[in-house]
Amino acid sequence: MTTRRRSPVDNRFEYVPCAICGKQNAELFMKGSGLACAVRCRNDGLVYQSPRLKPAIIREQNKTFVRADNLQLFTDYRRAMLRREARAIQQLKPGGRLLDIGCATGTLFEFFNGSGWRLHGLDTSQTGVELAARQYRAEVFCGTLQEAHYPAGSFDVVSVLDTLYYNPWPDRELLEIRHVLKDDGLLALEIPGYAYRMIRERGPLCWLLNGAWVRGFANSSHLYFFSPRTIRRLLNNAGFRIVRVVPEQASMSMGNLGLVLNHLHFAAARLLFHLIGVSIAGKELYLAIKAA
Ligand SMILES: [Zn+2]
């Protein structure tokens, strides 16, 4: 069965080609809610949603991604990870012009507050960019990177933290990031850990912690499920070379028991990655530069 042969009856959905090879040669990977499906490309193994909601509908939904009633998701639950990620970035780039794509309320900027940094953020959520501008004096843009039309070579660092898998065209997004980065610029990309998602988001552990057999895959807003192999292919295709991978912690939006397990799991994941280079971490930070 290929995705091409199946036709959706709901015209809000569309079938899409693979973001790595550009082909529609995928097999069913997991059934989501309604029409949404995760499929796996037979050519390169990329797991992605197809069919998925049309980009205009996704864009409309994302406008309210950051709201007055969910600000904790972008502040308290993320602060510890963003602090570590900022440190990892600054070990390679001590200053310059930073663009945070999907900046939400701008929490990352708390850790780039020295005079050596010029702060820029963009997000499709008006609530997010207004808070980022007000709290951190960042120059913000409400919209997508493609719409912002920044000149070539504008930034020393571009960060895309826990955001790329919501983008309908991650391949085009990475090409535009390459365009707006300086030649010696740094890309910081955080994505959910693939092995973690396979264990945590379906099956017995998911049932124990969330009371459901499947969670993330049934959520139609998650468009891509990158693995270490497929994110490397996607980055290489866009002209990037990975220079460092850092295991990161899963989101901390959970109760006390979940939080204890989260910290234990993160400690184990860091140790495992250090010892054998295999990641079971909740998130992974990829630091990449322009390939020669
Ligand atoms: Zn493919």
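## Exercises on a predicted protein model

This is a predicted model, and its mean pLDDT is 90, with 94% of the residues reaching 70 or more.

**Exercise 1. Find where pLDDT stays under 50, and say how many contacts beyond four places in sequence the model has there.**

Solution. Start at the beginning of the chain: the stretch is residues 1-5. Then look up its contacts beyond four places in sequence, of which the model has 12.

**Exercise 2. Compare the radius of gyration of the protein with the value for a compact globule.**

Solution. Let's take this in steps.
- The chain has 292 residues, so a compact globule would have a radius of gyration near 19 Å.
- The protein has 19 Å, which agrees with that expectation.
- To add the extents, the C-alpha trace spans about 55 × 45 × 40 Å along its principal axes.

**Exercise 3. Describe the secondary structure, burial and contact range of the protein.**

Solution. First, the elements: nine helices and 13 strands. Next, burial: 40% of the 292 residues count as buried. Last, take the contacts with a separation of 6 or more; residues 24 or more positions apart account for 66% of them.

**Exercise 4. Work out which strand gives the largest share of the largest nonpolar core, and trace the contacts of Ala188.**

Solution. Happily, this one builds up neatly.
- The largest nonpolar core has 65 residues, and Tyr48, Ala132, Val158, Leu187, Ala188 and Leu189 have the most contacts inside it.
- Strand 10 (residues 181-192) supplies the largest share of this core, six residues.
- Beyond its neighbours within four places in sequence, Ala188 touches Glu85, Ile89, Val157, Ser159, Leu285 and Leu287 by the contact criterion.

Notes: Residues numbered from 1 in each chain as written. Predicted model: local features only at pLDDT ≥ 70, side-chain atom pairs only at ≥ 80, totals over all residues. pLDDT = per-residue confidence, 0-100. Contact = placed C-beta atoms within 7 Å. Helix = DSSP H or I, 4+ residues; strand = E, 2+ residues; numbered from the N terminus. Rg over C-alpha atoms; globule rule 2.2 N^0.38 Å. Buried ≥ 20, exposed ≤ 12 C-beta atoms within 10 Å, placed from the backbone. Core = buried A, V, L, I, M, F, W, Y, C linked by C-beta atoms within 7 Å.
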